[in-house]
Amino acid sequence: MSKNHKAAPMVDEVSEFEILELAVRELAIEKGLFTQEDHNAWTDYMHTLSPIPAARLVAKAWLDPEYKKLCIEDGVKASLEVGIDWINQMPTKFGTPSDYCNLRVMADTPTLKHVVVCTLCSCYPRPILGQSPEWYRTPNYRRRLVRWPRQVLAEFGMQLSEEVEVRVVDSNQKTRYIVMPERPKGTEGWTEDQLTEIVTRDCLIGTALPKPGKTANDKRYVRPAVNPYGH
Amino acid sequence: MVKINPEKITLDEEMSKRNLDKSSVTLLEEVKTKGKVWRDLSKKWGVENPDPPWKITLEATCDVLSEVSCALPGVERRWEEDELTDEHYKDVPFPERQLLALAHSMIRRGLIDEDDLKRRMQEVDKRLNMVE
């Protein structure tokens with residue numbers, strides 16, 4: 001190890017929340033709600049999840065019209081080419097209600113923009129897109145996007161002309177969605193790896209557009225719902 | 001033109017009619033008040049990771065409760081998380097409020113007992129803070 005090597009900073013205190021998380025888990029195991037092995041299997045699976053496979057799927061489709069056709073016709077089959085097996089990779093080995101084996105890939109066109117929501121809870125294509133961001137889970141986003149999609153997208157920094165139709169797709173326990181945005185100008189001659197880098201998580205939800213040089217999601221302020229739950 | 005799915009509106013009504021006991025849980029109120037959230041801890045210690053290390057095990061707990069034991073189905077947990085957040089945890093950041101809501105749901109559903117949880121937290125606290 002180099003003399004100049006410094007260990008990365010770490011949080012050197014235990015919070016009440018860390019204690020609560022562990023205590024809940026231990027009690028649940030003792031009560032027989034699940035086993036430690038079940039929990040380990042799901043934790044290992046969680047560690048494998050990220051938005052990269054979905055980004056690669058889009059990049060491949062931009063480069064290969066036949067693959068794009070497959071993505072639109074059969075998202076689950078197309079996922080196999082980016083290393084995601086919706087059925088057998090799950091700890092259950094047969095998919096789950098939370099990550100149901102039906103992925104639809106919604107291709108944008110110059111006059112059609114898709115955006116994904118889950119009005120009911122926070123269904124999300126985790127096997128191919130990783131964990132959902134906080135704002136996606138909020139009632140504020142879920143309620144307002146279906147009512148005022150154009151305005152909500154504008155809040156995300158996306159100003160769409162009136163000629164562009166906005167289509168909101170509502171995830172549920174049977175079907176999950178990702179958006180295939182249009183390939184941006186300025187990426188001619190790019191490799192699949194280069195293209196994958198600019199397809200961010202937010203592009204795949206539909207709240208951002210890919211852009212050369214932009215490889216990270218913007219930070220979002222999370223707003224509370226104006227009318228609380230049940231009103 | 002976006003069409004609102006009437007099926008979803010019915011579900012929304014159904015959710016609001018459910019009889020979840022939303023009264024506060026003393027133990028969780030204490031955690032909410034005293035607990036240091038990751039946002040503050042990471043800033044204090046100069047850590048860049050946006051999520052606490054326990055977030056992934058929390059997610060796994062939510063999944064196994066739904067997928068393995070069916071003790072707390074995912075969609076019901078999320079409905080209750082929304083309700084309880086509105087009622088008790090709206091000022092708590094994420095994922096701390098997800099954890100508080102999960103513990104709240106489990107107590108109110110009788111999956112775990114508040115006194116047992118309090119005792120277990122004391123044991124875990126002792127264990128995690130053991131110096132030698």
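Colleague: What makes Cys101(A) partly exposed?

Modeller: Count the neighbours: 19 other C-beta atoms lie within 10 Å of Cys101(A). A residue is buried at 20 or more other C-beta atoms within 10 Å of its own, exposed at 12 or fewer, and partly exposed in between, with C-beta atoms placed from the backbone. So Cys101(A), with 19, is partly exposed. Keep in mind that this is a predicted model: local features need pLDDT of at least 70, side-chain atom pairs count only at pLDDT 80 or more, and totals for chains, interfaces and linings use all residues. Residues are numbered from 1 along each chain as its sequence is written, while chains are lettered from A and ligands numbered from 1 in the order in which they are written.

Colleague: Where does Cys101(A) sit?

Modeller: Look in the loop between helix 5 (75–80) and strand 1 (103–107) of chain A. Helices (H or I, at least four residues) and strands (E, at least two) are DSSP runs, numbered from the N terminus. Val76(A) is 25 residues away from Cys101(A) in sequence, but their C-alpha atoms are 6.9 Å apart in space.

Colleague: Why is Thr57(B) called buried?

Modeller: Thr57(B) has 20 other C-beta atoms within 10 Å, so it is buried. This residue lies in helix 4 of chain B. Leaving out residues up to four places away in sequence, Thr57(B) touches Glu21(A), Arg25(A) and Thr43(A). Contact here is about C-beta atoms, placed from the backbone, that lie within 7 Å.

Colleague: Which helix gives the largest share of the side of chain B that touches chain A?

Modeller: That's helix 4 of chain B, with 11 residues. Overall, 56 residues of chain B are in contact with 49 residues of chain A.

Colleague: And Cys70(B): buried or exposed?

Modeller: Cys70(B) has 10 other C-beta atoms within 10 Å, so it is exposed. You'll find Cys70(B) in the loop between helix 4 and helix 5 of chain B. Its phi is positive, about 60 degrees, although Cys70(B) is not a glycine. Most residues other than glycine have a negative phi, and most peptide bonds are trans.

Colleague: Which peptide bond is cis?

Modeller: The one from Phe94(B) to Pro95(B), with omega near 10 degrees. Pro95(B) is in the loop between helix 5 and helix 6 of chain B.

Colleague: What makes helix 5 of chain B roughly perpendicular to helix 6 of chain B?

Modeller: Their axes come within 9 Å and cross at roughly 105 degrees. Axes are lines fitted to C-alpha atoms, for helices over the stretch in contact, and angles run from 0 to 180 degrees between N-to-C directions. Under 35 degrees counts as roughly parallel, over 145 as roughly antiparallel, 65 to 115 as roughly perpendicular and the rest as oblique. So this pair of helices in chain B is roughly perpendicular.

Colleague: Why is helix 1 of chain A oblique to helix 7 of chain B?

Modeller: The axes of helix 1 (residues 16–30) of chain A and helix 7 (residues 114–128) of chain B cross at roughly 120 degrees and come within 9 Å. That angle makes helix 1 of chain A oblique to helix 7 of chain B. Among the residues making the contact are Leu20(A) and Leu27(A) on helix 1 of chain A, and Leu117(B) and Met121(B) on helix 7 of chain B.

How values were computed
Contact = placed C-beta atoms within 7 Å.
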